[in-house]
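Reader: Hi! I've got a model open on my screen and would like to talk it through with you. Could you help me find my way around?

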Amino acid sequence: MPYVPVTCPSGSHEFFYSISTPTESSAEKIQEGLPTILFIHAGWYSQQIFESQFTDPSIRQFNLIAIDNLGNGSTKGTIGDQRYTPKEVAEDLHCVLDALNLPPLHIFGLSLGAIVALELAIAHPDRALSLTLCSPVTLTEPEDVVAGRIQVYKCWESAFTLDPNDPETREKQQDLLEETLLGVMQLLFNNVKTRLIKALLVHQVLQAVEIWSGTPEKMKQGYDACIRCFIEREAIPKESFAKIKCPVSIIHCIEDVGYGIEHTEDLANQLTEAGVKVTLHTVPGPHFPVLEGPEDINPILRDTVLGSFAPDGEPQIPTPLPKADYKSGKMKTPWTEALQEHGYLPDALSDSNDMEDVEIASWFERPRVLIKEERTVITEVYR
């Protein structure tokens with residue numbers, strides 16, 4: 001899982017990405033002749049949020065690529081004071097895809113990542129073969145959701161304005177972080193706690209402490225990535241949707257506490273009026289359904305890919321499913337081993353995967369488990 005240096009409109013950065021193929025959990029290049037799916041994450045969580053897609057053989061019959069957006073995960077670079085909304089994120093990702101010499105591909109966007117996917121397909125319609133928009137946020141952020149996001153961030157900010165050398169503040173910091181995580185868990189997962197969700201939570205928080213705290217610059221980066229990118233976005237003009245050339249599947253989760261179905265239906269109507277082929281799906285689950293609702297999400301993604309046309313105009317042809325690595329039927333991903341260190345059991349069946357009674361150790365005493373990676377900067381890309 002290397003880095004690729006890219007000079008894009010937002011500046012020169014090193015973007016961290018992962019590629020999985022039917023035969024390799026961490027590949028250096030895509031497998032020729034197969035459809036490729038780009039996964040675009042939202043705020044708070046980076047590419048590891050797609051563990052349940054990369055581990056599913058029905059999705060791993062394709063090439064899969066996930067990229068940490070600027071300001072998130074392991075990507076190296078600074079957002080700074082420039083405007084940075086889904087439109088700018090999309091342009092950066094387009095530059096990364098060019099740098100990796102990737103062909104036209106299918107795009108799966110989660111939450112804010114769904115809006116990034118729309119912006120990418122509008123600005124570069126020949127890049128996208130299909131869009132699967134999972135839990136898309138509204139085209140502009142509702143005031144109550146803005147207030148909730150800022151409240152959660154303020155808890156995070158307060159935790160790191162305390163004197164770290166004062167032992168009496170450690171308990172206060174821990175409490176503030178727990179309050180932050182409660183807000184995140186309520187919005188994204190309806191406070192459901194399973195082994196996978198908690199393992200990913202631990203991994204992401206330890207990474208967030210590293211990249212979004214410690215200096216004023218890092219704190220600002222956290223605000224830019226998790227708040228400003230959301231609240232400064234502007235609605236996509238209706239006429240712009242007509243530039244999208246590919247079919248679009250939209251997934252609305254009926255237990256989403258932040259974004260009601262009326263907003264999803266409005267987006268579907270706007271796309272349809274612009275001449276875009278749209279299919280709207282409603283499924284159970286919270287705003288982030290990708291971890292514990294893959295049985296509902298993954299078939300929609302698979303069918304969207306197989307129901308689209310390849311770059312040569314021919315229908316996508318399904319391939320034999322790759323062999324699972326675990327008795328549960330799951331495959332190893334670029335992140336599985338790191339998540340196992342935090343309690344995830346890829347061999348466990350879903351009904352035995354609950355982690356409600358497990359306590360998380362202090363964020364300030366628990367060592368971060370790095371994803372095993374070759375921290376290599378790719379200067380030449382082979383396909």
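Reader: Where does Trp 44 sit?

Author: Trp 44 is in the loop between strand E3 (36-40) and H1. Keep in mind that this is a predicted model.

Reader: Is Trp 44 buried or exposed?

Author: Buried, because its relative accessible area is 13%, and the cut-off for buried is under 20%.

Reader: And what is the phi of Trp 44?

Author: Phi of Trp 44 is near 70 degrees, which is a positive value in a residue other than glycine. Most residues other than glycine have a negative phi.

Reader: Which other non-glycine residue has a positive phi?

Author: Ser 135 has one, at about 50 degrees. Ser 135 belongs to the loop between strand E6 (128-134) and H5. With a relative accessible area of 2%, Ser 135 is buried.

Reader: Back to Trp 44 for a second. Which residue in H5 is in contact with Trp 44?

Author: Tyr 153, which lies in helix H5, is in contact with Trp 44. Leaving aside neighbours within four places in sequence, the contacts of Tyr 153 also include Met 219, Gly 222, Tyr 223 and Ile 227. The C-alpha atoms of Tyr 153 and Val 184 are separated by 9.6 Å, with their positions 31 residues apart along the chain.

Reader: How do H5 and H8 run relative to each other?

Author: The axes of H5 (residues 143-159) and H8 (residues 216-231) cross at roughly 175 degrees and come within 10 Å. That makes H5 roughly antiparallel to H8, because angles over 145 degrees count that way.

Reader: Nice. Which residues meet there?

Author: On the H5 side they are Val 146, Arg 149, Ile 150, Tyr 153, Trp 156 and Glu 157. On the H8 side they are Met 219, Gly 222, Tyr 223, Cys 226, Ile 227, Phe 230 and Ile 231. By class, this contact has ten nonpolar, one polar and two charged residues.

Reader: I see aromatics on both sides. How many aromatic pairs are there?

Author: The count comes to twelve aromatic pairs. In one of them, Tyr 153 and Tyr 223 have ring centres 5.3 Å apart and planes at 70 degrees, so the pair is edge-to-face. Tyr 153 lies in H5 and Tyr 223 in H8, so the pair ties together parts that are 70 residues apart in sequence.

Reader: Are those two tyrosines buried or exposed?

Author: Tyr 153 counts as buried at 4% relative accessibility, whereas Tyr 223 is partly exposed, with a relative accessible area of 29%.

Reader: What about Phe 189 and Phe 288?

Author: Phe 189 and Phe 288 form an edge-to-face pair too, 5.9 Å centre to centre with 85 degrees between the planes. Phe 189 is in helix H6 (residues 167-189) and Phe 288 in the loop between strand E8 (278-283) and helix H10 (294-306), so this pair ties together parts 99 residues apart in sequence. Both Phe 189 and Phe 288 are buried.

Reader: Which rings are linked into a cluster?

Author: Phe 39, Phe 50, Phe 54, Phe 108 and Trp 335 are linked by ring pairs into a cluster.

Reader: Trp 335, okay. Which residue in H1 touches Trp 335?

Author: Glu 51, found in helix H1 (residues 51-54), touches Trp 335. Not counting residues up to four places away in sequence, Glu 51 also touches Leu 196, Thr 333, Thr 336, Leu 339 and Tyr 344.

Reader: A glutamate! Is Glu 51 buried or exposed?

Author: Buried, with a relative accessible area of 0%. Glu 51 and Val 290 are 239 residues apart in sequence and 8.3 Å apart in space, C-alpha to C-alpha.

Reader: New topic: what does Thr 85 contact?

Author: Leaving aside its neighbours within four places in sequence, Thr 85 is in contact with Cys 229, Glu 232 and Arg 233. Thr 85 lies in the loop between strand E4 (63-67) and helix H3 (86-99), and it is buried at 2% relative accessible area.

Reader: Last one. How many helices and strands does the chain have, and how much is buried?

Author: The chain has eleven helices and eight strands, and buried residues make up 57% of its 383 residues. Among contacts between residues at least 6 apart in sequence, 76% join residues at least 24 apart. The chain exposes about 15,900 Å², of which carbon and sulfur atoms supply 51%.

How values were computed. Residues numbered from 1 in each chain as written. Predicted model: local features only at pLDDT ≥ 70, side-chain atom pairs only at ≥ 80, totals over all residues. Heavy atoms only, no water. Axes fitted to C-alpha atoms, helices over the stretch in contact; angles between N-to-C directions. Helix = DSSP H or I, 4+ residues; strand = E, 2+ residues; numbered from the N terminus. Parallel < 35°, antiparallel > 145°, perpendicular 65-115°, else oblique. Contact = heavy atoms within 4.5 Å. Nonpolar A, V, L, I, M, F, W, Y, C, P; charged D, E, K, R; others polar. Buried < 20%, exposed > 50% of the residue type's maximum accessible area, 1.4 Å probe, protein only. Areas by Shrake-Rupley, 256 points an atom, 1.4 Å probe, with all protein chains shown as cover. Phe/Tyr/Trp six-rings, centres within 6.5 Å; stacked < 30°, edge-to-face > 60°.
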